[in-house]
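I opened my notebook to look at how two chains meet. I wanted short entries that a newcomer could follow.

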Amino acid sequence: MPLGILNRLPIPTLTTYSVISAALFVSLIYNAKHAVENPDWKSEFLTSDKNSSDIIGDEEEEHLIDLETINLPESIRDILFYMIQDNFSRWVFVNAVTCAILLLGRMIQIIVFGDLRTIEIHIFREKLCNYFLYKCIFMFGVIKVQTTEDVIFLLGWFGILGFLQIFVQFSKDRLEYMATVSSRDTFWDRCKIVTLLLCILSIASYMIYFCLTNGDNLGYNIFAFMIAECLSITLRVPHIVIKYVIDPFEAKFIRNQNQRFRERNVFANFIISKMEISLTYYISLGLDLADLCLELLHYLHMVLWSNALFSVASFALCMHVRYLTTEIQRKIKKHRNYIWILNHMEKEYPMASEKELNENSDNCAICWEKMEVARKLPCRHLFHATCLQLWLEQDTSCPTCRYVLNMNGSSIRRSTTSRQTTRGVIRIGRAAIPLNRQHFFHFDGTAFFPSSRYVSWLPSFSVQVMSTMGAPELSDSQLETMARQVQQIFPHYPINLLIDNLRQTRSVSVTSNNILEGLLPFEEPNIIEESSQMNRTISDVTEASTSTAAYSPTQENENISESYNSNVNIKECEFSSIPAEREITLKNRKEQLFLNAKQKYLERRLVN
Amino acid sequence: MAGAALRRLMAEYKQLVTNPPEGIVAGPISEENFFEWEALITGPEGTCFEGGIFPAKLIFPFDYPLSPPKMQFTCDMFHPNVYPDGRVCISILHAPGDDPMGYETSAERWSPVQSVEKILLSVVSILAEPNDESGANVDAAKMWRENREEFNRISEKIVRKSLGL
């Protein structure tokens, strides 16, 4: 909301702003020097001050003392003194300091982050506006500052805090970006950001130290206000470091360890995989929640302190409090769901044995990476525990075959009847592997009527379901009709082979998939030779064009790729490890596809 | 987690380069950002889209492959299952939870087993055989059912335009 207005406002660029502030500052110094040359400027000042205001009190004197203690030539000290005394020059001085901080920030940004991406600039603006808004509310709505000194002091304090927070935000965004999008080697960039984060952390801890030492002077409330945000920064920084820096390294380390442990035993694998899931998760969750709670307390404190429940300030604060509470609730709910699924997986889906892993040479279907340890679903499909966990958080079916998993856990715990049902389902799942379970129906009546008398007939109902599910061997005639269906698509497969496979899979589509994926080994030397010869002749005729479209789709995958290799440059099908090379390859392939299509289109036009 | 998405996308990219399906080229628009791809799809033989090369943009979520990518044609496309702005409406691109049309079973929706290759092949197949039950483009669906000649004429135009002819 404030963004829309701000975008339209002509904000001066940093250069013009710094030029103006520098000019102002120089003129101020010149002015001050001029004024100091007058021998009795000091007495004038002091008397006028005393006459004009009684408010300027302790702090002013503190400043005076500070200046006395600093070892400076007298003229400079005088100038500083003058600048602090004069109201206008004080603001100019503050402005100059702000400008210096901004320039410093810009410098750090250029050194550490390089150019900012558009989204980062957008987030930066939004955060800055928000921050500014809330601080204004805080200063004028909550603690209602009166004196210029207080305003300047708070401005300075919030300035530094905001500065730190913005850089924390930048680092977080950038690290996230590095972890996700960018594929480049980013070790040095990471180092730079981590150093920056450590600096921020030390500054924040110093600020906490400052609060603690000066807590007595400030009063309990102000102390709490001030320390809350420093604490929040000190919490956030380790969180970011753990999440984006340590975590990826640790994951890599654990994966290496996994490979080493693989020979030893399943148990070690199991422990490692558990550690992998839980450690960083809990640290991250804890810090997240702590941060949110801290902020919530901070804002609640503000609302209570502001003493005026019906002001604009408290309205804005209450909105923020509401947002924070929903956020905390969401986090807790998510966490409970996570724990529940974790337990459920532990109970229902056992770890796959070494033998099963060896039999199943596929990678995990979710992340496409090798499985050293895996969990097994009732339908016998294997997945990494972490991958499966993430999927089950949003859906309750097997990713591969859509087998509907019985995730209605409350019912499992409530009554024995439904527990039997789930066990039955699992057993059937094992008996009939990739059965097409799209129409599988599980009636979970006990969940709805836990203490109802109708429960008594529920088991028989589920038995009925089980019997349809676990249908015994398909009859030969059924198998044959199914095999003929498959043979229509893949005519050169012998029917015996198809029937054998169908007996296992019980589904036309699964068998077809198996054939397409090359899982059904079948040697047909004559046909392959013939077809590849045919391909070669075709590719001779139309040199550049991809002739793959010319032959029937019934051939095996291997065959297709083979012929593809034969008429497209082999180099083009290599996957380079250098990004730039990949980009060029991709571009070439796109161009070639275009050219071929164009050529073909024109040829066809001529024929017609 | 997003690192997992990146690794998986890299694996898919590798597979699409080393073992490409016929008439399909796909890869990230820029190596800097692996979450935005461009795919070129050849119109299937024997259909009204035959021979056209249709570019489309794929945008992947950070939790890919747990959530489906979004796909949008960046060329002109007149098809019952493609919205007028180019977004592709096929059931395997719908997240398992939501069902905007209320006509699909969850078995037809997204699952992490799907891949870019499978998505693109499905899109090729709907180019060949539009599913006029789920009309993303009502005009196109109506024309496909009632006035096939006109539909063919328009798609011919689209094919020619896609080839820059």
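My entries below start with the interface and then turn to two local spots.

**Entry 1: the model.** I am working from a predicted model. I keep that in mind for every entry.

**Entry 2: extent of the interface.** How many residues does each chain bring to the contact? I counted 45 residues from chain A and 57 residues from chain B. Next I looked up the area. Chain A and chain B bury about 4,600 Å² between them. Carbon and sulfur atoms give 62% of that area. I then asked which three residues of chain A supply more of its buried area than any other three. They are A:Trp368, A:Arg402 and A:Phe575, and they supply 15% of what chain A buries against chain B.

**Entry 3: pairs across the interface.** I searched for charged partners. The rule finds five salt bridges between chain A and chain B. One of them joins B:Glu45 to A:Lys600. The closest N and O atoms of B:Glu45 and A:Lys600 are 3.6 Å apart. I also looked up polar contacts. There are 10 residue pairs in polar contact across the interface, with both residues at pLDDT 80 or more.

**Entry 4: the side of chain A.** Which elements of chain A give two or more residues to the side that touches chain B? I noted helix H8 (148–180), helix H14 (385–392), helix H23 (557–567) and helix H24 (579–607). H24(A) gives the most, with 15 residues. I sorted this side of chain A by class as well. It has 22 nonpolar, eight polar and 15 charged residues.

**Entry 5: a hairpin in chain B.** I moved to strand E1 (residues 24–30) of chain B. Is E1(B) largely enclosed or open? Five of its seven residues are buried, so the rest of the structure largely encloses E1(B). Its partner is strand E2 (residues 33–42) of chain B. E1(B) and E2(B) pair in the antiparallel sense, over six bridges. Two residues lie between E1(B) and E2(B), and the two strands form a hairpin. Within this pairing, B:Pro28 stands opposite B:Trp37 of E2(B).

**Entry 6: a loop residue in chain A.** Last, I looked up A:Glu372. I found A:Glu372 in the loop between helix H13 (354–359) and strand E1 (375–376) of chain A. Is A:Glu372 buried or exposed? Its relative accessibility is 9%, and the cut-off for buried is under 20%, so A:Glu372 counts as buried. I also checked A:Asn358, which is 14 residues from A:Glu372 along the chain. The C-alpha atoms of A:Glu372 and A:Asn358 are separated by 9.6 Å.

Notes. Residues are numbered from 1 along each chain as its sequence is written. Chains are lettered from A and ligands numbered from 1 in the order in which they are written. This is a predicted model: local features need pLDDT of at least 70, side-chain atom pairs count only at pLDDT 80 or more; totals for chains, interfaces and linings use all residues. Side-chain values use heavy atoms; hydrogens and water are left out. Contact means heavy atoms within 4.5 Å. Buried area is the accessible area (1.4 Å probe) that two parts lose on being put together, summed over both. A salt bridge is a side-chain nitrogen of Lys or Arg within 4 Å of a carboxyl oxygen of Asp or Glu. A polar contact is a pair of N or O atoms within 3.5 Å; within protein, one must be able to donate a hydrogen and the other to accept it, and residues adjacent in sequence count only if both atoms are side-chain atoms. Helices (H or I, at least four residues) and strands (E, at least two) are DSSP runs, numbered from the N terminus. Ala, Val, Leu, Ile, Met, Phe, Trp, Tyr, Cys and Pro count as nonpolar, Asp, Glu, Lys and Arg as charged, and the others, Gly among them, as polar. Buried means under 20% relative accessible area, exposed over 50%, partly exposed in between (1.4 Å probe, protein chains only). Two strands pair if DSSP finds at least two bridges between them.
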